[in-house]
Amino acid sequence: MATDLKLFADYFQIHLLDDESDGDLSDVWTEQTVLDGLGVTEDALAVGTAVNVNVAVSVHVLAAQPDEDGDDYDHIVEASLNLSSGRLVVLGCTDYFPDAARFAMPAGWIRIRASRRNLAAAVLADIDSDNAPETTEQLRLQAWPAPYAEPRIIKRWARPAA
């Protein structure tokens, strides 16, 4: 079952973290992590976006690793997250933390797959990209219990040259 959210991707990012995390992602962005669209700490992840407006986010809490369906998406990354509280929090990086969406999961290590699509249309529409479904960036977040593993770039999208 999926939960659909509309989140403001301020500073071109969406955050996922353990409910007890301090959420400090201030040092995760480097030239490489910006290209990867993924910043990682033990208990928090920042998923990069192509736009700095609202994005359509779909959160799927799963019992096991899903099949890969890369043909349907432009950019796909995976990373592990230590969910010691058993509550996954999903929010825009400047959203009010107490009001953020929360999802119950088994405590311990989980894996997050962030799959993004509609990126070229969203970038082309720029600041008006979230005004219509055909130009809104879509982010699917899949979460399942899994042992720790290194972050992985499954599919890379490159922003078109200006």
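Reader: In what order do the six strands of the open sheet stand?
Author: This is a predicted model: local features need pLDDT of at least 70 and side-chain atom pairs count only at pLDDT 80 or more, while totals for chains, interfaces and linings use all residues. Residues are numbered from 1 along each chain as its sequence is written, and side-chain values use heavy atoms, with hydrogens and water left out. Strands here are DSSP runs of E with at least two residues, numbered from the N terminus, and two of them pair if DSSP finds at least two bridges between them. With mixed pairing, the open sheet has the order β1-β5-β10-β9-β6-β11.

Reader: Okay, and which strands stand at the edges?
Author: Look for strands with a single partner each, because one side of such a strand is left without a neighbour in the sheet. That picks out β1 and β11 (152–155).

Reader: How many bridges join β1 to β5?
Author: β1 covers residues 2–8 and β5 covers residues 54–61. Phenylalanine 8 stands opposite asparagine 54 in β5. The two strands run antiparallel, and the bridges joining them number seven.

Reader: In which sense do β5 and β10 pair?
Author: β10 takes in residues 138–145 and shares six bridges with β5. Try spotting two of the matches: valine 59 stands opposite leucine 141, and serine 58 has arginine 140 as its bridge partner. The sense of this pairing is parallel.

Reader: What kind of aromatic pair do tryptophan 109 and tyrosine 148 make?
Author: The structure holds one aromatic pair; rings of Phe, Tyr and Trp (its six-membered ring) pair if their centres lie within 6.5 Å, and planes under 30 degrees apart count as stacked, over 60 as edge-to-face and the rest as tilted. The centres of these two rings are 5.0 Å apart. Their planes meet at 65°, so the pair is edge-to-face.

Reader: How far apart in sequence are the parts that this pair ties together?
Author: Tryptophan 109 belongs to β9 (residues 108–117), whereas tyrosine 148 sits in the loop between β10 and β11. The pair therefore ties together parts whose separation in sequence is 39 residues.

Reader: What is the relative accessible area of tyrosine 148?
Author: Buried means under 20% relative accessible area, exposed over 50%, and partly exposed in between (1.4 Å probe, protein chains only). Tryptophan 109 counts as partly exposed, at 29%. Tyrosine 148 is partly exposed too. Its value is 45%.

Reader: Is isoleucine 14 buried or exposed?
Author: You'll find isoleucine 14 in β2, which spans residues 13–18. Its relative accessibility is 0%, so isoleucine 14 counts as buried.

Reader: What distance separates the C-alpha atoms of isoleucine 14 and alanine 161?
Author: Along the chain, these two residues are 147 residues apart. Between their C-alpha atoms, the separation is 24 Å.

Reader: Where does tyrosine 11 have its place?
Author: Tyrosine 11 isn't a glycine, yet has a positive phi of about 60°. At 57% relative accessibility, tyrosine 11 counts as exposed. Its place is in the loop between β1 and β2.

Reader: What value is phi of phenylalanine 12 near?
Author: Phenylalanine 12 also lies in the loop between β1 and β2. Its relative accessibility is 39%, so phenylalanine 12 counts as partly exposed. Here again is a residue other than glycine with a positive phi, near 60°.

Methods: Helix = DSSP H or I, 4+ residues; strand = E, 2+ residues; numbered from the N terminus.
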